[in-house]
Each structure stands twice: as C-alpha cells, then as structure tokens.
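Please look over the sequence and the model shown below before reading on. The paragraphs that follow go through salt bridges, pockets and a surface patch in turn.

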Amino acid sequence: MSEAVQNSIEEITPSEWELMRIVWTKGQLYSRELIDLMQAKRSWSDSTIKTLLRRLVKKGLLQTEKQDRRFLYTATISETEAMNGSAEQLFDHLCAMKKGETLLNLIQHVELTQTDIQKLQAALTEKAKTAPTEVACDCLPNSAKCD
C-alpha cells in the first residue's frame, strides 16, 4: 500500500467510512444511487453527501468516471486493505506493552464466527513459537516499563 493511500486511510472520517462501506458493498454505483442509499441510513442532504464524495476522491480512495451526465464511483482500495491499514495505524500509536491487552479486549467484545476463532487460535499457536516472555515499553527512550 502506498504511503499516500495509508495517509488517506488515517484521515477517513466516520462519515466517510459509512460512504465507503456502501461503495465496497455495491462494488460501484452512480452518485444518485449512493445518495439514496446513504439517505436511507442518515438524514443527510444531497450536498453533504456530494461533499464527502469529493473528499474521498481527493484523498484517492474513490475514483469517479463521468458517464453521460452521471458519475460512477468505484473504490480504489479494498475494504480489507482499508480496515487493516486503519487498525495498523491505530496500533502504531499504542504502547508496545499494552497492545496484547487491547487485542484481548477486542476479541472479547467483537462477534466472531467459529471460523474466525479457529484462524485466531492457529495464528496464536504459530506466534507463540517465537513470542518473547515480555515486550519492552516503547513510550520513552530507554524505558523498561510503563505505568
């Protein structure tokens, strides 16, 4: 993933995420369809949605193609790439010693399928083979522990 796209993912607002989720679900769609679907979820004006679409195009996360008098929108990045990029960006800001606790909290609060759980168990079993007994704090230089 390019640095520009990664930076754009970091800047996606909650409202823009909602629009992107519609585009990812539908694959591609015309602005009118997108506006109608968004308005079924939220009572936003046409101009608000068009502004959000312009921002997503400017960030390089959507591309648009003019067909006659209509605009067709398509995502330039997959939903998985965006979600992973966003999660990685968040975890880059956390204390290294506390990332495991945060992952545990997520696992406890997110609905998972049996398949998800099996994949997590397999990944953890593999990771356990080379895992250190303790992760060093990275909050301050030469700091051994965080409070």
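A residue is called buried when its relative accessible area is under 20%, exposed when that area is over 50%, and partly exposed in between. In this predicted model, E18 therefore counts as buried, with a relative accessible area of 12%, whereas K41, at 41%, is partly exposed. The side chains of E18 and K41 meet in a salt bridge, with 3.6 Å from N to O. Because K41 belongs to helix α3 and E18 to helix α2, this pair ties together parts that are 23 residues apart in sequence. The pair also has a wider setting, since E18, K41 and R42 are linked in a network of salt bridges.

The whole structure has six salt bridges. Another of them joins E16 to K59, whose closest N and O atoms are 2.6 Å apart. Here too distant parts of the chain are linked, for E16 sits in helix α2 (residues 14-26) and K59 in the loop between α4 and β2 (62-67), 43 residues apart. Both E16 and K59 are buried. A salt bridge within a single helix is formed by D36 and R32, at 3.0 Å from N to O; these two residues are four apart in helix α3, and so are separated by about one helical turn. D36 is partly exposed, with a relative accessible area of 42%, and R32 is likewise partly exposed, at 40%.

We turn next to the pockets. The largest pocket holds about 960 Å³ of space, and among its 22 lining residues K99, G100, L103, L124 and K127 lie nearest its centre. Helices α6 and α7 (114-128) each supply at least two residues of this lining, and α6 gives the largest share, six residues. By class, the lining of the largest pocket comprises 16 nonpolar, three polar and three charged residues.

The second largest pocket has a volume of about 240 Å³. It is lined by 13 residues, of which S31, K50, L53, F71 and Y73 are the closest to its centre, and the elements giving two or more residues to the lining are α3 (31-41), α4 (46-58) and β3 (70-75). Its largest share, four residues, comes from α4, and its lining is made up of six nonpolar, two polar and five charged residues.

L103, one of the residues nearest the centre of the largest pocket, leads on to the surface. This leucine lies in helix α6 (residues 99-109) and is partly exposed, with a relative accessible area of 43%. Together with L106 and V110, L103 forms a nonpolar surface patch, the three having about 250 Å² of accessible area together.

Key: Residues are numbered from 1 along each chain as its sequence is written. This is a predicted model: local features need pLDDT of at least 70, side-chain atom pairs count only at pLDDT 80 or more; totals for chains, interfaces and linings use all residues. Side-chain values use heavy atoms; hydrogens and water are left out. Patches are made of residues with over 30% relative accessible area and no salt bridge: like charges are joined within 9 Å, nonpolar side chains (Val, Leu, Ile, Met, Phe, Trp, Tyr) within 5 Å. Accessible areas come from the Shrake-Rupley method with a 1.4 Å probe; for residues, only the protein chains shown count as cover. A salt bridge is a side-chain nitrogen of Lys or Arg within 4 Å of a carboxyl oxygen of Asp or Glu. Buried means under 20% relative accessible area, exposed over 50%, partly exposed in between (1.4 Å probe, protein chains only). On a 1 Å grid over the protein atoms alone, a cavity is a set of points where a 1.4 Å probe fits but cannot get out, and a pocket is an open set with protein on both sides within 12 Å along at least five of seven lines; lining residues have an atom within 4 Å of a point. Grid points are joined across faces, edges and corners, and a volume is the space filled by probe spheres set on the points. Ala, Val, Leu, Ile, Met, Phe, Trp, Tyr, Cys and Pro count as nonpolar, Asp, Glu, Lys and Arg as charged, and the others, Gly among them, as polar.
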